[in-house]
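Let's walk through this model together, with an eye on its charged pairs and on how its chains meet. Have the coordinates open as you read.

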Amino acid sequence: MTNNYNSEVNAGVHTNIGMDFQKNCTIYLFLEKYNQLQNQKYFIILEHLEDVIFGYLDNQTELSKIETYQAKKSSSKWTNSGLLEIIKKIAETSQSVLDDPHPKAVDFSQDNYFATNNTIELNCKVDKQQYSCLVNEANEHYKYSALDQNIKNKIQKGSKDVYFTSENISNFDTLNFRFIDLARTPKAQLEQLEGKFRTVFGENIADHKAALYSFYFALMEIEKELNQGNIAKLSDNKKRIDSNQIDSIINILTNKKKAFDFWREKKDELCEELNINLFDVTMFELHYENSFDKFKDINESEHNKIFDFVINNKATFKAHVTDRACIASYHSKFNKEKSSTLSELQLKAVIAAAYIEVKNTL
Amino acid sequence: MKTTLDINSILVYSEENNKFFQTEFKSKLNVIYGKNTAGKSTLIQLILFAFGINDNKIKLAEILAEQIFVRLDCTIRYEQEEKNYVFIRQDETLLIKDDNEKVLRFNGISSDNSAEHVKLKKYLNNLFNFSLLLESNSGISEAPIETIFLPYYVSQEVGWVYLRKSFSNLNFYKNFKEDFLDYYLGIENVIDRGEKRKIEKEINRLQQQIRFYADVEKENQDLKLANVIDQTLEGKANELISNISERKNNLLDLENTYVSDSNKLTFLNQRLSVVSKVKRNHKNQEPGKDNCPTCTQILPSKIEDVYSFFQEENDTINLQRELKDKIKKLQSRLNSLNKKIESHRADIKSCYLTFNKYSENGLTLERYLDSKANIQLFENLTKQIGQLTIDLEIEKEKLKEYKTDEEILIERSKKSKIFKDKYFTYNASLGLPSLDEERFYQLYEISSFPFQGVQLHLAVLSYHFAFNNLLTETSDIHRLPFILDSVFKEDIEQGNKNKILKFINENFPKDTQTILSIADDKNVDSKIEDYKNEIFKDNAHMICIGNGTEEKALLKDNDDSQKELIENSFEILETI
């Protein structure tokens, strides 16, 4: 069970969450595409060839489409000069994809994006005439091929630092500019992504923030795995996350619901069911509600011992029809087989809480 | 129906020196033999030690220093069923494994006054259906564990001279001898006597009260005056009183709300403290990063665990926020309630002042209230005397259900008669001279024997066998193995030794085990084979300590023959 990671490499879930714009972008794009991705075979590659790659497979495992994203955050807007070097890199990526030996479908196509969270402003002046193109909140996506010819010309010319080969230029047709609507600070980005999780998954996920964090964590784990080799080829499926891997993560997120509020609310029903008298009710409530919190803390050994007891004796669930009978049976079984330093009332409350939690996460 | 204990086997193990002793006990006779100081008495005392008895700990000091544990495998027979128990005692801790494999742990029982020892006592009392209560300066309480074993155990030295002295420290109970004998013989016990005394006291109290009320009625002149005052001031008084009482009701409502809100606040604070603590600890239990607090390995980082971790964390954070919010609101509500209460109190106080000052014709309302009380008192007196008389009759009726002192004496003398017959028969078969004086044969009077030397020894033997036999006639009394430590005194010659063993063989109790120890040196005129073959025949299970030649030889080197049992004992000792 226990993976003995080197704790320096794996510096924890909290430490880096949300700090990485590329990954935030990946999640943003993933959530945006989720409805379409659901019914498709695809894979994601992080930080190889390009910051983010979405690959779409047809049924024969041939590549039908590739989307690559070079993701850069910025605090100021992008202009022609700042973009030339990036465009050259993207063009090279485009060529690498073409050269990659991964089997491709007949109608294979690719889109190569520059993605950023600030405005992209492309312009040129020809004969005192100003031509410009803005990619921002109002206009999130612009294809290179749709640019004004004058602007295209200006880009193709390059600069004294950046020179485009003819091969580069032949790949410009797949170039795209993309505005990603993510805020400046990591904290605000996380909040936005949490909201996006909520929009996409709604009530299928109990805790969207926890789901986002876990998804982020899963990406970090996979990235660590990917980083262990050298140059990644698209076909090397050790270096990519496949759709079924992601499906299983989503499955966990949608199926594992910890409904703390729901469980806590059960106490009134239970008091009645378990014949807790009025005198003891408040104490019972206190112990019952505290139990859910104490189960979370590994240091609370007595509570965890009782929780494990309920887990390890799941057969009891099958033997009874009512909650009351089942809890009573757990209680007497515990007293027969184990001993506890807790008082009877405390024990009853802890067993009831463990029972409710286990029953509702089965 | 009787509860009977059988000890099936004993294991003594010293992990430190890797030494052990193990033997089984059979039904009928179990004869422990070996050289003087081989460890026969030690074995017997270890049995008592394993039941939580601390009285003989000093004598066991030497073997306890070897860091041993003692394990007894026992069967307790009840009317309908048999149950198996394992008792393991190691130093201050006693573990009991019951029929359901449940292990009970009593920690820190080496002082008889410790809470754990009291818990153990209650457990054993329940196990053996034992309910003797004894009276001391601090009142009536449950008798010590030693008294469960006392009738069935004759200790090495003192046990063969005095009665009921096999354990020390039982002297300070009041009427110990009577209570002890009454309990074991099924005659009225202390509970009954306590109950009876209570009823007698109650009757006394009722009679005094009736007399008191009768006197008041006759002598009090104020009662006559009260009626006059009542008519003068009634109207105004009622108005003021109803005013005050309404305000008081309001105040009471406020105070009740205040108390219930205070309790809610405490509840929330207690919740908050748990949640805060969990939050702090939880932070350090991050999957993939932090160590497990018990096994020091990094906690697993599967996606399920990570998701759970974040869900738990979010829940804790939300809960903490909610609780803090509620506490804040409740606190401010309490503060405003408190203000209201203060102002109500001031209000009522000023009403009182008005009330006390108001007067008509020199009669104040204060005086009016006094006289009101007197009128009430007069009505009550008559009622009270009636009720008290009825109560008195009920108590007198109850008292009739208890045995009178004469009845108890009759029962005692019945039992004494049975005892005397048995005692005399046994004395005769042991060749003891007949006894004429009552104080030497009346069960409730015997405290010493008019003999010395061998004859004293034989008389004690005879007494215990007669008493054990008498106990079989008490229904509902527990029966334990009859344990006789050292049935030979040092200077008993062979003829008497044979006589003692023959007597034991003929008269040992048939419903329990008998465990006895005798000294026998293999190298010096050993008779153990003769005893076994000629006296005990098939009745005895022989247990040898230290090859019959060694001293202080109870424990021997571990030959792994009891490996499984020792392993199993450690499992029990390590039960959480």
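**Salt bridges and the interface**

Over all chains, a search of the whole structure turns up 42 salt bridges, each a side-chain nitrogen of Lys or Arg within 4 Å of a carboxyl oxygen of Asp or Glu. Before going on, note that this is a predicted model, where local features need pLDDT of at least 70, side-chain atom pairs count only at pLDDT 80 or more, and totals for chains, interfaces and linings use all residues. Residues are numbered from 1 along each chain as its sequence is written, chains are lettered from A and ligands numbered from 1 in the order in which they are written, and side-chain values use heavy atoms, leaving out hydrogens and water.

Start inside chain A, which has 15 helices and nine strands; helices (H or I, at least four residues) and strands (E, at least two) are DSSP runs, numbered from the N terminus. Of its 362 residues, 51% are buried, where buried means under 20% relative accessible area, exposed over 50%, and partly exposed in between (1.4 Å probe, protein chains only).

Now find A:Glu289 and A:Lys267, a salt bridge with its closest N and O atoms 2.7 Å apart. A:Glu289 sits in helix 11 (residues 278-296) of chain A and A:Lys267 in helix 10 (residues 267-273) of chain A, so the pair ties together parts 22 residues apart in sequence. Both A:Glu289 and A:Lys267 are buried.

Helix 11 of chain A also reaches across to the other chain: A:Asp293 pairs with B:Arg271 in a salt bridge (3.0 Å, N to O). That pair runs from helix 11 of chain A to helix 7 of chain B, and both A:Asp293 and B:Arg271 are buried. These residues belong to a salt-bridge network that includes A:Glu289, A:Lys267, A:Asp293, B:Arg271 and B:Asp315.

What about the interface as a whole? Five salt bridges cross between chain B and chain A, one of them joining A:Glu300 and B:Lys277 (3.1 Å, N to O). Helix 7 (222-283) and helix 8 (303-357) of chain B each supply at least two residues of the side that touches chain A, and helix 8 of chain B gives the largest share, 14 residues.

For contrast, look at a pair within chain B: B:Asp421 and B:Lys417 form a salt bridge (2.9 Å, N to O). They are four residues apart in helix 10 (residues 405-429) of chain B, and so separated by about one helical turn. B:Asp421 counts as partly exposed because its relative accessibility is 39%, and B:Lys417 counts as partly exposed at 47%.
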